[in-house]
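Here are my notes on the model you sent over. Have it open beside you while you read.

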Amino acid sequence: MGQPRLADRGQAGGRRGRSRARGDRTRPRWPAPAVAALVALGLGLLEGAPGQGAPDRAVILATTTSTQDSGLLDLLVPLFERRTGYPVRTVAVGTGAALRLGADGDADVVLVHAPALEREYLGTGALIDRRLVMHNDFVLAGPPADPAGIRRRPAGTAASALGQIARTGSRFVSRGDRSGTHLKEQALWKAAGVVPGGDWYLESGQGMGATLTIASEKRAYTLTDRGTYLAFRRRLELGIVLEGDPALANVYHVLRPDPVRVPRVNVAGGRALEDFLVSPAAQAAIETFGVETHGAPLFFPDAGKPEPE
Amino acid sequence: MALVGDGLRQAFWLLAGGDADVFGITLRSLEVSGAATGLSLLLGIPLGVALALGRFPGRGLAISLVNTGMGLPPVVVGLFVSILLWRSGPFGFLEWIYTPIAMVLAQLVIAAPIVTGLTLAAIQQIPDRFRVQMRGLGASRGQLLWVLLREARLPMLAAAMAAFGGVISEVGASLMVGGNIRGQTRVLTTATVLAASRGDFEVAIALSVLLLAIMFLVNAALTWIQQRRAP
């Protein structure tokens, strides 16, 4: 961490040899083979980037952490790539960010699960061509001891369960990241007439997988989509304390930016990915995904069905 | 580019308005990384001195390990500290996971090799003749050590700067072992990741500017001390 000798740089050229000779112990000497190897590596990366097929412009898919964490995309994306030749770059973020990436033209397709927020973007015209892809449901997961006693009142709704958690001051971990799950959770608190806050209410600001792990370690309740819960169940000390309330439906739509507003998007690639997600092949893959590993499907295909609500 | 302008404007208002959240996050960053740097100095300086002056079997291997450790990937540190501290892990009973203590621990693992390695280099750059002369003049071991440390104090200040800069800007380990819990383990870097994933790019830029400003101030202060004392 010696002071960099900018002066030496300045007087490079003819006197370079002398300044070297004066000696700067901290200056690293790069052996020629190492430099050559690094340059070759860099060139290799540049060359390898685009796909080999005819349509080689990558499709950027902005989606939620729940589809990524459950492993569904690891199945669907290679299937799409093989069928069409478009390479896909997946960005897994909260639903809020995914929609914004799409609206700004930084993503070509958006796969999200926050119907109210999606309608806002449709309303402004930033996103278009919204299609129903699939659904699963949210469940309320909690520690086996169930300190808020939610399992003891089996007929309760999700909102009443959250009310109980608040009343008993039992710990609850919120995503707090404006994801589809977080938005659903906020709607449920509103229905419960509770403004969550205080020592018992933790906001992880992370994806579903990390949030489940935190809830398990902190012996807390959390709202999770069933898919991620099942994918993580084996290493969690969390059980489902409430499920089946119609208010817990979790519906996924695919949308894409309006190419008139943001011309730089990959229109053909984006449309191809949308078409693929609602195609019989993808829908069949969705239907069977997870059955083998988790004993139950994680998502239910919905393409072509009427909109819920 | 409009985004950057908005971000800078928002950064100004977040700071000028004394936003309680941002203030708390900044304070937590300074606390955690300050504690980790302090502990890494307590641990790294004696280790570095021992490696520089000692002659023992396995010294070469130890130095290689320290040099490797200077570039430990934070996510690897985060993963292993998590595994140790999870309730299913050997130190789970401490209940440290997802607390600031866990973050200090992870950052200490990242910073200690940096301090050790740079201390080692700082002591070794003092010519051997100097030591021989000191011994010849009748200096005791303790006196010799003291003089060597005084001689090496400026490079060691640089070590402290490198360690602090490394841990306060680190995000992988803090996210994994801290959990980014609001009001508890949320620091500037993890808050930036969150703001970006929420789509709050202005806030993300504001937090980045704040982080850069802190690093600049700390480094400027240390550089000022260094330059003032330099011969």
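The points below go through the domains, the chain interface, a helix and its surroundings, and then the second chain.

1. Before anything else, keep in mind that this is a predicted model. Everything below should be read that way.

2. Let's begin with how chain A is cut up. Domain 1 takes in 59-136 + 249-301, and domain 2 covers 137-248. Going by C-alpha atoms, the centres of domain 1 of chain A and domain 2 of chain A are 25 Å apart.

3. How many residues do the two domains of chain A bring to their contact? Domain 1 of chain A puts in 21 residues, against 19 residues from domain 2 of chain A. On the domain 1 side, at least two residues each come from helix H4 (65-70), helix H6 (95-103) and strand E9 (249-257) of chain A. H4(A) has the largest share of that side, with four residues. Sorted by class, the domain 1 side that touches domain 2 of chain A holds 13 polar residues, seven nonpolar and one charged.

4. Now for the two chains. Chain A and chain B meet through 18 residues of chain A and 18 residues of chain B. For the chain A side, H6, strand E6 (201-203) and helix H10 (208-217) of chain A are each good for at least two residues. H6(A) gives the largest share there, three residues. Note that H6 of chain A also supplies at least two residues of the domain 1 side that touches domain 2 of chain A. As for composition, the side of chain A that touches chain B has seven charged residues, six polar and five nonpolar.

5. I'd spend a moment on helix H9 (residues 180-192) of chain A. Its 13 residues, at 1.5 Å a residue, should span 18 Å, and the end C-alpha atoms do sit 18 Å apart, so the two agree. Which residues of H9(A) are buried? They are Gly180(A), Thr181(A), His182(A), Leu183(A), Lys184(A), Glu185(A), Leu188(A), Trp189(A) and Ala192(A). Just past the end of H9(A) comes Gly193(A), with a positive phi of about 70 degrees.

6. Ahead of that helix there is a backbone angle to look at. Arg178(A) sits in the loop that runs between strand E5 (172-174) and H9 of chain A. Its phi is near 55 degrees, which is positive even though the residue is not a glycine. Most residues other than glycine have a negative phi. Is Arg178(A) buried or exposed? It counts as buried, because it has 24 C-beta neighbours inside 10 Å and the cut-off for buried is 20 or more.

7. Chain B has a case of its own. Asn180(B), not a glycine either, has a positive phi of about 55 degrees. Where is it? Asn180(B) lies in the loop between helix H9 (172-178) and helix H10 (188-198) of chain B. Asn180(B) has 27 other C-beta atoms within 10 Å, so it is buried.

8. Finally, chain B as a whole. Its secondary structure amounts to 11 helices and zero strands, and along the sequence the pattern reads α-α-α-α-α-α-α-α-α-α-α. Along the principal axes, the C-alpha atoms of chain B fill a box of roughly 65 × 50 × 25 Å. Chain B has 231 residues, of which 39% count as buried. Take the contacts in chain B between residues at least 6 apart in sequence: 78% of them join residues at least 24 apart.

Conventions. Residues are numbered from 1 along each chain as its sequence is written. Chains are lettered from A and ligands numbered from 1 in the order in which they are written. This is a predicted model: local features need pLDDT of at least 70, side-chain atom pairs count only at pLDDT 80 or more; totals for chains, interfaces and linings use all residues. Domain bounds come from an automatic or database domain assignment. Two residues are in contact if their C-beta atoms, placed from the backbone, lie within 7 Å. Ala, Val, Leu, Ile, Met, Phe, Trp, Tyr, Cys and Pro count as nonpolar, Asp, Glu, Lys and Arg as charged, and the others, Gly among them, as polar. The expected span of a helix is 1.5 Å times one less than its number of residues. A residue is buried if 20 or more other C-beta atoms lie within 10 Å of its own, exposed if 12 or fewer, and partly exposed in between; C-beta atoms are placed from the backbone.
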